[in-house]
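Reader: I should like to go through this model with you, beginning with its internal spaces and then turning to the contact between chains. Could you start with the term I will need for the enclosed spaces?

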Amino acid sequence: MNSLEIKNLAVEVAGKAILEDFSLTIPKGEVHALMGPNGTGKSTLAKALAGHEDYEIASGEVLLDGQNIVGMEPDEIARAGLFLAFQYPSEITGVSIANFIRAALQSRQEEGEEFVATAYYKDLYAKMDALKMDRSFTSRSVNEGFSGGEKKRCEILQMMMLEPAYAIMDETDSGLDIDALKIVAEGVEQQRGPDRGFLVITHYQRLLNYIVPDKVHVMWEGKIVQSGGKELAMELEEKGYDWVKETYASAS
Amino acid sequence: MSESSKDPNLEIDRDKGNFSYDVDYEYDAGQGLSAKTIDYIADVKNEDDWIREFRHKALKVFEDKPMPTHWASDDLNNIHFDKIRYYLAQGQRPSRSWEDVPDEMKETFERLGIPEQERKFLAGVEAQFDSEAAYSNMKKNLEKDGVIFVGSTEGLMEHPEIFRKFFGKVIPTGDNKFSALNSAVFSGGSFIYVPPGVKVRQPLQAYFRINAESFGQFERTLIIADEGAEVTYMEGCTAPKFETTTLHSAVVELVALKGAKIQYITVQNWSNNVFNLVTKRGMAEEDAEIRWIDCNIGSRLTMKYPGVVLKGRGARGEVLSIALANDGQHQDTGAKMIHAADDTTSNIISKSISVGTGQATYRGLVHMPKHLKGCKNNTECDALLINSNSRTDTFPAITVRGDKKSTQHEASVSKVNKDQIFYMMQRGLSEAEAMSLSVNGFINDLTREFPMEYSVELKRLIELEMEGSVG
């Protein structure tokens, strides 16, 4: 029950099969890393789980604490407790970060429940301080004119505010310099705990120097081909993805 | 979706404005337009001969002018002038207190929240029900200052000397076919005079309500701010949705004398059977300032291009407009700036949103003749498209002759794309919430300029529209 359970998932994009028979279970309290070369279906998995209409789930189940979220609308999935930190977050002109996060929180409120603005800002500022974000950030339009690092920090801030049961970080490390990478990793580390499961999707091992995963999975052509502890990531770093390609291309 | 109600004559949709009452009108000019209609209106209003004559002449101009379909939408040909009712009223004298307003009218305005707004933040209110004002009242201290705020019917009767001096001077009868129509059959609207140096701190508001079917509302508003005076006027409009077409064709004239400031704010939310064909123009004398804030939501076809004639040196004119064209609607809006003196400046910011099959058109006119010096204009028009069927057109016409002038024109078209909506939905917002947040973001830099009460109202209206446009 207390897990994000992906069972035999098959995902198609524009009629083309990208994921086939993909299974993975992330219990609450654990951080799983999903690694693999480009074009192997890592981001497809993230979008499909979040309910993007272009990513069609042909078969399989995704159980979020026992509830099958396949076929639900993206906003329902989000409110059920799944958060996706985007690789390429969208810009929203004229909508400030403070108002955007506020709208997201309000969408989770029960009818008649009151939104307390003072408590909200107190919480927001505390979390921004933790991410070393300037206060003036809240009044900027969401992602508009942001540097790569600012965009990712903004994703982490949203995650911290929305406190999801499961968070998928889709290549959150791409486009970050080492300082930004550390801050993002610290944000994830702070959020780590018994009530939350993480799936950290990454191409590079370097993020895992700062976020130490409980499990590492290697993905190749739409499937997990190898799983192990954090030492697997080190092994990958040493041998490179060519090793994965050689080993598993011949097998298929 | 209708609410239950004790009144069997009352039909309600979930839209706040979509309800109507069965009213037995005491005064009814009948269907169709002729010299007799004009005489009927002049008779019941007990008008002077000059105004009766003015109306008859205007009717002739209206009949002689062709429909402007050589540049405007052919949909104008679907207005059947012989089916429209031109004057419907219960009486010609508005009440000064809500208690005295006839029940069905009072209930209408209560449901639209007018008396509540009056208590909260307004200096004066006029509430028009079909052809005449049902209620009109202003704070006592303004009366002491010599401010006049009455309906146009009352203004003509009680203050002919001021009324006649400015009436029809900014927008002549023959300006266009619909200004001629209004000049022939006008009734209702506001008449405001602010004496020299008087600054009205709180807004004056008029609410125009169409209740009857197959009806035409032709209010006529004349606002005069004397030297150094300041006033903000806000108008709201709604009508119930009928199968037949409704015509709303107002004429609004503003006169800002030396150093005066007039701010005119419109938030209209017409149902989509309404042809909304309105002529609005202001005249700004030396160092005067006229600002139009114009928000057009709803209607079948809106044609409206608020303008300012910058007549005196140093005069300033501004049009800030927002148009939302939903499925099946056409918002044909814009602005006119006529520079007629040195050192005059004008600013036009127009934002349009097209949803579904909605169509938004911007038409702008900026005129700066050769002999003038130191004139400036800035024009920005931005369009937002929500889904691929939407259409947007921009027709800016900037005529600048000679040097020592500056104009700046920027236009942009952007789309709310699927990824953006997905991103917002991934944070928990419904599709409608995501769309209305995008739209509110798009107009945010404009609405920040609006009085708070109106930006809140506008936000609410946009949310309603977006809810309706999601499958």
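Author: Certainly. A cavity is a set of grid points where a 1.4 Å probe fits but cannot get out, and its lining residues have an atom within 4 Å of a point. Please keep in mind that this is a predicted model.

Reader: How many cavities of 30 Å³ or more does the rule give?

Author: The count is two. The largest cavity holds about 50 Å³ of space, and the second largest has a volume of about 30 Å³.

Reader: Which residues line the largest cavity?

Author: The lining consists of B:Gln92, B:Pro94, B:Glu126, B:Glu132, B:Ala133, B:Gly151, B:Ser152, B:Thr153, B:Glu154 and B:Gly188. Strand E6 (132-138) and helix H6 (152-158) of chain B are the elements that give two or more residues to this lining. H6(B) provides the largest share, three residues.

Reader: And what is the make-up of the lining of the largest cavity by class?

Author: It divides into two nonpolar, five polar and three charged residues.

Reader: Which residues surround the second largest cavity?

Author: That lining is made of B:Glu235, B:Cys237, B:His248, B:Thr266, B:Gln268, B:Val278, B:Lys280 and B:Lys304. At least two residues come from each of three strands of chain B: E12 (230-238), E15 (261-270) and E16 (274-284). By class, the lining has two nonpolar, three polar and three charged residues.

Reader: Let us turn to open spaces. What volume does the largest pocket have?

Author: The largest pocket contains about 1100 Å³ of space. Its lining numbers 32 residues, and those nearest its centre are A:Ala103, B:Leu437, B:Asn440, B:Lys459 and B:Glu463.

Reader: Which elements contribute to the lining of that pocket?

Author: Two or more residues come from each of strand E7 (92-96) and helix H3 (97-106) in chain A, and from helix H10 (431-447) and helix H11 (452-469) in chain B. H10(B) gives the largest share, 10 residues. The lining of the largest pocket has 10 nonpolar, 15 polar and seven charged residues.

Reader: Now the interface. How many residues does each chain bring to the contact?

Author: Chain A brings 33 residues and chain B brings 17. Between them the chains bury about 2000 Å², of which 62% is on carbon and sulfur atoms. On the chain B side, the residues that lose the most area to chain A are B:Phe422, B:Tyr423 and B:Arg427, together 39% of what that side buries.

Reader: How many salt bridges and polar contacts cross the interface?

Author: The rule finds three salt bridges between chain B and chain A. One salt bridge joins the side chains of A:Glu53 and B:Lys418, with an N to O distance of 3.9 Å. For polar contacts, counting residues both at pLDDT 80 or more, there are 15 residue pairs between the two chains.

Reader: Which elements of chain B touch chain A?

Author: Helix H9 (418-425) and H10 of chain B are the elements that give two or more residues to that side. H9(B) supplies the largest share, seven residues. The side of chain B that touches chain A has seven nonpolar, six polar and four charged residues.

Reader: How many salt bridges are there over all chains?

Author: The count comes to 37. Among them is one within chain A, where the closest N and O atoms of A:Glu150 and A:Arg140 are 3.3 Å apart. The two residues are 10 residues apart in the chain, with A:Glu150 in helix H5 (residues 148-162) and A:Arg140 in the loop between helix H4 (117-130) and strand E8 (141-142).

Technical notes: Residues numbered from 1 in each chain as written. Chains lettered and ligands numbered in written order. Predicted model: local features only at pLDDT ≥ 70, side-chain atom pairs only at ≥ 80, totals over all residues. Heavy atoms only, no water. 1 Å grid on protein atoms, 1.4 Å probe; cavity = no way out; pocket = protein on both sides within 12 Å on 5 of 7 lines; lining within 4 Å. Points joined across faces, edges and corners; volume = space filled by probe spheres on them. Helix = DSSP H or I, 4+ residues; strand = E, 2+ residues; numbered from the N terminus. Nonpolar A, V, L, I, M, F, W, Y, C, P; charged D, E, K, R; others polar. Contact = heavy atoms within 4.5 Å. Buried area = accessible area lost by both parts, 1.4 Å probe. Salt bridge = Lys/Arg side-chain N within 4 Å of Asp/Glu carboxyl O. Polar contact = N/O pair within 3.5 Å; in protein donor to acceptor, adjacent residues only side chain to side chain.
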